[in-house]
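Hi everyone, thanks for making time for this. Please have the sequence and the 3D view open, and let's walk through them together.

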Amino acid sequence: MRDGLARDLFPPDESSARAATLAVLAVAAAVVAVTRLGSVGMNTVWAEDGQVFYAGAEHASLPRVFFRTYRGYMHAAPRMIAAVDVLFPVRWAASSIAISDAVALGLLAAVVYRASQAHIRRPWLRVIPALLVAACPVGQETIGSIANLQWPMFFVAFAVLLWNPQRPAPIAAGAVTVAFAALSSPFGLLLVPVAVMRALVFWRDRAAVIPLSTLAAAGIQALIMAYAASRQTYHTVLVGRLTRLFIAGVTGQGFFGAHYQMAWMTLGTVVVIAVAAAWALITVMGLPRQSAAASLALTYSAGYFAAPVVLSGMSVWEGTRYFAGPLLLIVFAVVILLDGALNLRNRFRWTGYCRPAAVILCTGLLACAGYAAVTSWRTPDPSRAAPTWSAALTAARTQCSHGARSATLPITPVSPLHWRVILSCSQIKNR
């Protein structure tokens with residue numbers, strides 16, 4: 001069993017990638033992420049980004065706030081990014097947060113491209129899940145928000161756990177990636193089964209560094225969550241509603257965009273059937289590596305959707321961020337299947353007729369996902385009815401000129417929680 005898992009799920013990757021290629025991909029993904037925001041997005045500070053992370057970094061140093069919880073768990077990546085953002089003038093806060101989020105997405109895209117090499121042999125196919133990290137057609141509230149980096153980070157961490165690099169630098173990059181993913185989200189605990197499986201397979205090998213890093217970070221997150229202030233959670237599982245939400249929100253919107261509301265269920269059902277058919281064809285062709293990796297990705301897509309939705313009370317339409325990670329996992333699985341279908345060899349000669357059908361199905365699915373990404377390129381989040389950061393800062397400076405010691409800067413969204421950033425006038429004037 002250990003040999004089978006090592007061969008099919010965690011094949012060794014002794015290859016290398018040109019630094020220039022990874023740099024170009026990272027820059028391209030970052031540019032995509034910035035372009036999606038537009039001028040208004042570059043002048044908007046979003047909810048927790050401002051009130052929790054930026055304000056927290058302004059009022060305390062990084063060591064003091066790094067382990068500070070919000071809503072009951074750690075947010076390592078947003079805390080680190082905000083600590084960098086506060087080094088710039090206050091007037092640049094909105095743009096620095098947006099750009100730092102884009103840079104983070106660019107780095108994650110480069111990691112996905114590198115980590116998926118053993119399962120997706122063709123470089124041009126690896127670009128698809130990598131760029132979709134920055135151009136995801138669902139979860140509009142995640143665009144330009146460091147608080148919502150945890151959703152694509154989970155997908156990237158999953159891809160890294162399937163990656164088995166043999167060189168020190170890639171191993172270090174993978175270990176850092178999975179550690180930050182687990183320290184930035186409570187759902188990093190869902191990665192524990194894969195990490196345990198891989199650690200048991202390679203428990204005497206350097207390949208155990210990445211899963212052990214995952215387990216250590218997940219353990220720290222779990223410990224902190226156990227002692228953090230409790231938050232309201234739910235445990236009612238409505239299987240029918242959960243299925244409908246997944247089909248309409250993840251596969252419907254994810255593969256056809258946000259412009260076909262009346263047809264999301266129908267279109268999403270077609271996508272589910274097509275993915276299942278492609279997986280069945282690849283399995284019949286006798287391609288265990290592609291079948292196993294795709295099966296795990298699809299399983300995690302369903303689990304990563306179900307866990308947060310159940311804990312949020314089965315309501316997701318006010319939080320479309322729940323769609324992003326599951327969609328990325330599905331697309332990752334489809335790309336793996338397509339790469340397998342394009343192989344010139346298959347285990348059984350009599351299954352040769354399966355290849356064209358699998359190629360057509362996977363190509364069609366990826367074309368639909370690309371269409372969704374293009375048509376949802378800059379679909380606005382209706383809850384982001386700003387004030388802009390520049391307008392809020394101008395009003396704050398007026399308050400300070402009238403003798404106030406501190407000022408409250410309203411940020412998006414203004415209701416119902418009235419998000420804001422409170423800064424001292426000295427911080428506003430001096431920076």
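**A walk from one strand to the whole protein**

Let's begin with Ala 407, which counts as buried because its relative accessibility is 1%, and the cut-off for buried is under 20%. Please keep in mind that what you see is a predicted model. Ala 407 sits in strand S3. Who are its partners? Leaving aside neighbours within four places in sequence, Ala 407 is in contact with Ala 396, Gln 399, Cys 400, Val 421, Ile 422, Leu 423 and Ile 428. For a sense of distance, look at Leu 267: it is 140 residues from Ala 407 along the chain, and the two C-alpha atoms are separated by 49 Å.

Stay in that part of the chain for a moment. Strand S3 covers 406-410 and strand S4 covers 420-424, and the loop between them holds Pro 413. What kind of peptide bond joins Thr 412 and Pro 413? It is a cis bond, with omega at about -10 degrees.

Now let's step back and take in the whole protein. It has 18 helices and four strands. Along the principal axes, the C-alpha trace spans about 85 × 50 × 45 Å. How does the radius of gyration fit with a compact globule? For 431 residues, such a globule would have a radius near 22 Å, and the protein has 22 Å, so the two agree.

What share of the residues is buried? Of the 431 residues, 55% are. Among contacts with a separation of 6 or more, 78% are between residues 24 or more positions apart. As for the outside, the accessible surface comes to about 18500 Å², and carbon and sulfur atoms account for 66% of that surface. The protein carries 33 positive and 14 negative charges, and the mean positions of these two groups are 1 Å apart.

Next, two residues with a backbone angle to look at. Ala 47 is not a glycine, yet its phi is positive, about 35 degrees. You'll find Ala 47 in helix H3, residues 47-59. Is Ala 47 buried or exposed? It is buried, because its relative accessible area is 2%.

Arg 71 is the other one: again not a glycine, again with a positive phi, this time about 55 degrees. Arg 71 lies in the loop between helix H4 (62-65) and helix H5 (76-85). With a relative accessible area of 46%, Arg 71 is partly exposed. Try finding Gln 290 from there: Arg 71 and Gln 290 are 219 residues apart in sequence, and their C-alpha atoms are 38 Å apart in space.

Follow the chain on from that loop and you reach H5. How many of the 10 residues of H5 are buried? Eight are, and the helix is mostly covered. Among the buried ones are Ala 76, Pro 78, Ile 81 and Asp 85. What do the buried residues of H5 pack against? Their partners are H3, H4, H6, helix H8 (150-161) and helix H9 (168-182).

Let's visit H6 next. This helix runs over residues 93-115, and Ser 100 lies in it. Ser 100 is buried, as its relative accessible area is 15%. Where does the side chain of Ser 100 reach? It comes to the backbone oxygen of Ile 97, at 2.9 Å. Here is a general point that may help when you look at helices: an α-helix has 3.6 residues a turn, so residues three or four places apart point the same way. Not counting residues up to four places away in sequence, Ser 100 touches Ile 81, Asp 85 and Ile 146. Ile 81 and Asp 85 are names you have just met, among the buried residues of H5.

Our last stop is Gln 150, in helix H8. Gln 150 is buried, with a relative accessible area of 7%. Which residue does its side chain make a polar contact with? The partner is the side chain of Ser 185, at 3.0 Å. Beyond neighbours within four places in sequence, the contacts of Gln 150 are Tyr 73, Ser 184, Ser 185, Pro 186, Phe 187 and Tyr 304.

That's the tour, and thanks for listening!

How values were computed
Residues are numbered from 1 along each chain as its sequence is written. This is a predicted model: local features need pLDDT of at least 70, side-chain atom pairs count only at pLDDT 80 or more; totals for chains, interfaces and linings use all residues. Side-chain values use heavy atoms; hydrogens and water are left out. Helices (H or I, at least four residues) and strands (E, at least two) are DSSP runs, numbered from the N terminus. Buried means under 20% relative accessible area, exposed over 50%, partly exposed in between (1.4 Å probe, protein chains only). A polar contact is a pair of N or O atoms within 3.5 Å; within protein, one must be able to donate a hydrogen and the other to accept it, and residues adjacent in sequence count only if both atoms are side-chain atoms. Contact means heavy atoms within 4.5 Å. The radius of gyration is taken over C-alpha atoms; the globule rule is 2.2 Å times the number of residues to the power 0.38. Accessible areas come from the Shrake-Rupley method with a 1.4 Å probe; for residues, only the protein chains shown count as cover. Lys and Arg count as positive and Asp and Glu as negative; His and the chain ends are not counted. The place of a charge is taken as NZ of Lys, CZ of Arg, CG of Asp or CD of Glu.
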